[in-house]
Amino acid sequence: MEISQITLAKLLLYAFLLGLSVGILYDAGRLLRVILGVERADGFCSRMYEWTLPICKRPMRSGEDRHVARAIVINICDFLCVTAATLGILVLSYAYNSGRVRFFTFLGATVGFFLYRAIFSKNLMLACRPIVLLIRYLFLSFLAIFCAPFAKMYRFVLKYIKKIAYLYIFTLEKKREKVYNIEEEVLLAENSKKTHSRAYRIMPDKQSEGGEKNGRK
């Protein structure tokens, strides 16, 4: 089955647009890392991390120490980009070339992706990062205000539980100490009785010894 040159040109054009779309999706993943707080934005946007949140008075986290979360988000976003590019090429091939994948389809998508990265990506990221950080700040501020009563209640309950636990442990220690003292007193009393009885058997009373001597005389 022959395909007209106009159809092939459309296929190449749509592959090029697919590459641009994948580039936009890749930058969306980068912005997602910023808004999730797993990647720090450089440049003048870095000053926005010094903004303090209401009530708690804590600055926004920059995400420099969240390496594991950052790696997970990067792998997921890269996987989505590769999947989107592969599905896009397959759909274009079935729509304009009867399911046969041509080399120039990959070439058009690759050129579109790298052209977007070279020309549009940097300016778009510079324009979108402040907006994304502002959204992150507003969201964290809302959480700080909304969660403040629950945090105060949590601290109160935790303090009350610690106090009850301390009193319970203190009561048990006192009880153990009291029982130990009683057992020790009983043991000492029994030992003292045994000691007196043994001493009485070994060393008789002096008066009895004196009476025996007088009887002998």
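Mentor: Follow the chain from its start and the pattern reads α-α-α-α-α, with 5 helices and 0 strands in the protein. This is a predicted model, where local features need pLDDT of at least 70, side-chain atom pairs count only at pLDDT 80 or more, and totals for chains, interfaces and linings use all residues. Residues are numbered from 1 along each chain as its sequence is written, and side-chain values use heavy atoms, with hydrogens and water left out.

Trainee: What makes a stretch count as a helix or a strand here?

Mentor: Both are DSSP runs, numbered from the N terminus: H or I over at least four residues for a helix, E over at least two for a strand. Helix 1, for instance, covers residues 5-36, 32 residues in all.

Trainee: How do you know what span to expect for helix 1?

Mentor: Take 1.5 Å times one less than the number of residues. For helix 1 that gives 46 Å, and its first and last C-alpha atoms are 46 Å apart, so the span is close to the expected one. Helix 3 (residues 103-119) has 17 residues and reaches 24 Å, close to the 24 Å expected.

Trainee: Why is Ser93 called buried?

Mentor: Buried means under 20% relative accessible area, exposed over 50%, and partly exposed in between (1.4 Å probe, protein chains only). Ser93 comes in at 1%, so it counts as buried. Ser93 sits in helix 2, and its side chain reaches the backbone oxygen of Ile89 at 2.8 Å. Across the protein, buried residues make up 24% of the 217 residues.

Trainee: And what makes Leu80 partly exposed?

Mentor: Its relative accessibility is 48%, so Leu80 falls in the in-between class. Leu80 also lies in helix 2. Leu107, in helix 3, gets the partly exposed label because its value is 45%.

Trainee: Which residues of helix 3 are buried, and why do we say they line one face?

Mentor: The buried ones are Thr105, Gly108, Ala109, Gly112, Phe113 and Tyr116. Looking down the helix axis, they fall within an arc of 130° (taken from the directions from the axis to the C-beta atoms), so they line one face. The face turned away from that side carries the exposed residues Phe103, Phe114 and Ala118.

Trainee: What makes Asp27 and Arg30 a salt bridge?

Mentor: You need a side-chain nitrogen of Lys or Arg within 4 Å of a carboxyl oxygen of Asp or Glu. Asp27 and Arg30 meet at 3.2 Å, N to O, so the pair qualifies. They both lie in helix 1, 3 residues apart, about one turn of the helix.

Trainee: How many salt bridges does the whole structure have?

Mentor: The search finds 2. Asp27 also meets Arg117 at 3.2 Å, N to O. That pair links distant parts of the chain, with Asp27 in helix 1 and Arg117 in helix 3, 90 residues apart. Asp27, Arg30 and Arg117 are therefore linked in a network of salt bridges.

Trainee: Why do Asp27 and Arg117 get their burial labels?

Mentor: Asp27 has a relative accessible area of 2%, so it is buried. Arg117 has 30%, so it is partly exposed. Arg30, at 17%, counts as buried.

Conventions. Polar contact = N/O pair within 3.5 Å; in protein donor to acceptor, adjacent residues only side chain to side chain.
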